[in-house]
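This briefing is for a reader who has not seen this structure before. Please look over the sequence and the model, then read the points below by topic.

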Amino acid sequence: ASLVCIREIKPGEEILIDYISHAMTRRERVKVLREEFHINETEALHAEREGPDPSPSDVEKLMEAQEKIATTLESMNDAVARAEQYRAQLERQGLPPRISGHDRDVWEIANEAWRYINSSVSLYQLCYHSFHPVISYQHLMLGKLSFHLGRSKACMENLETALHGLAVAFGTHSRHFLVEAAENLLARARREFPLDDVTILDDMPPPPPPPQKKPV
């Protein structure tokens, strides 16, 4: 095994690793600590006594949700690429930008991804410690999607929740890349979302469908 440093390590600074990086039942986590890290069962049970204890069904549901989210985000990225290609084509032809079916696809898939991630947060909370960074990451993703969907209230609430969780996980003065991403997006949201327009923005309708070609 090897460790890759992404920032400067000070002399004498302690380096910590996460023994268990994905969702497991308490029994499974104790087994990993005992068999892979050679921690005796008494110490392993003591270490995990206050940890989450999801059922096998909860873990399975989370894994299914993760797969669904990954597939949806991949589809969204493909739709974004198609929309950008269409806009570049219009620009090459000297035509003004306009909303296309690709833009509507992006909006619909982003909404679908938002719903999947939002519904998965409760599963992450069952399977991980309260302030595990993976939970903060879900809130960061919800904040990012909310920003692009024009949902100002959801954007700011999720980004603030993400920052609180990351501060607990990494320390209040951490410059972890997730902290910087959340701070930068929250500052941008506060600049671009007028505070007296929250309801209007949250209820913003999807882009209109592209005009249909008339038969010749």
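The points below cover the pockets, the salt bridges and one buried acidic residue.

The model is predicted. Its largest pocket has a volume of about 1400 Å³, and the second largest pocket holds about 230 Å³. The count of salt bridges comes to seven. Asp58 is buried without a salt bridge.

**Largest pocket**

- The lining of the largest pocket, with its volume of about 1400 Å³, is made up of 39 residues.
- Closest to the centre of this pocket are Ile15, Leu16, Ile17, Asp18 and Phe170.
- Helix 1 (26–35), helix 2 (41–47) and helix 6 (152–170) each give at least two residues to the lining of the largest pocket.
- Sorted by class, that lining has 25 nonpolar, six polar and eight charged residues.

**Second largest pocket**

- The space in the second largest pocket is about 230 Å³.
- Residues that line the second largest pocket include Leu73, Met76, Asn77 and Val80, and Val106, Trp107 and Ala110 are also among them.
- Met141, Lys144, Leu145, His148 and Leu149 belong to the lining of the second largest pocket as well.
- Two or more lining residues come from each of helix 3, helix 4 (101–127) and helix 5 (133–149).
- Helix 5 gives the largest share of this lining, five residues.
- By class, the lining of the second largest pocket has nine nonpolar, two polar and one charged residues.

**Salt bridge between two helices**

- Side chains of opposite charge can pair when their charged atoms come close.
- Arg87 and Asp103 form a salt bridge, and their closest N and O atoms are 2.9 Å apart.
- This pair links distant parts of the chain, as Arg87 is in helix 3 and Asp103 is in helix 4, 16 residues apart.
- Arg87 has a relative accessible area of 37% and is partly exposed.
- Asp103 counts as buried because its relative accessibility is 18%, and the cut-off for buried is under 20%.

**Salt bridges within one helix**

- Arg104 and Glu108 meet through their side chains in a salt bridge, at 3.2 Å from N to O.
- Both Arg104 and Glu108 lie in helix 4, four residues apart, which is about one turn of the helix.
- Arg104 is partly exposed at a relative accessible area of 24%, and Glu108 is partly exposed at 38%.
- Glu192 and Arg188 also meet in a salt bridge, with an N to O distance of 2.9 Å.
- Helix 7 (residues 177–192) holds both Glu192 and Arg188, four residues apart, about one turn of the helix.
- Glu192 counts as partly exposed at 44% relative accessibility, and Arg188 is partly exposed with a relative accessible area of 35%.

**A salt-bridge network**

- Arg175, Glu180 and Glu183 are joined into one network by salt bridges that share partners.

**A buried acidic residue without a salt bridge**

- Asp58 lies in helix 3 (residues 56–92).
- Although Asp58 is buried, it has no salt bridge.
- Lys61 is the nearest side chain of opposite charge to Asp58, 4.9 Å away.
- A salt bridge needs a side-chain nitrogen within 4 Å of a carboxyl oxygen, so Asp58 and Lys61, at 4.9 Å, do not form one.
- Apart from its neighbours within four places in sequence, Asp58 is in contact with Leu123, Leu126 and Cys127.

Methods:
Residues are numbered from 1 along each chain as its sequence is written. This is a predicted model: local features need pLDDT of at least 70, side-chain atom pairs count only at pLDDT 80 or more; totals for chains, interfaces and linings use all residues. Side-chain values use heavy atoms; hydrogens and water are left out. Buried means under 20% relative accessible area, exposed over 50%, partly exposed in between (1.4 Å probe, protein chains only). Lys and Arg count as positive and Asp and Glu as negative; His and the chain ends are not counted. Contact means heavy atoms within 4.5 Å. On a 1 Å grid over the protein atoms alone, a cavity is a set of points where a 1.4 Å probe fits but cannot get out, and a pocket is an open set with protein on both sides within 12 Å along at least five of seven lines; lining residues have an atom within 4 Å of a point. Grid points are joined across faces, edges and corners, and a volume is the space filled by probe spheres set on the points. Ala, Val, Leu, Ile, Met, Phe, Trp, Tyr, Cys and Pro count as nonpolar, Asp, Glu, Lys and Arg as charged, and the others, Gly among them, as polar.
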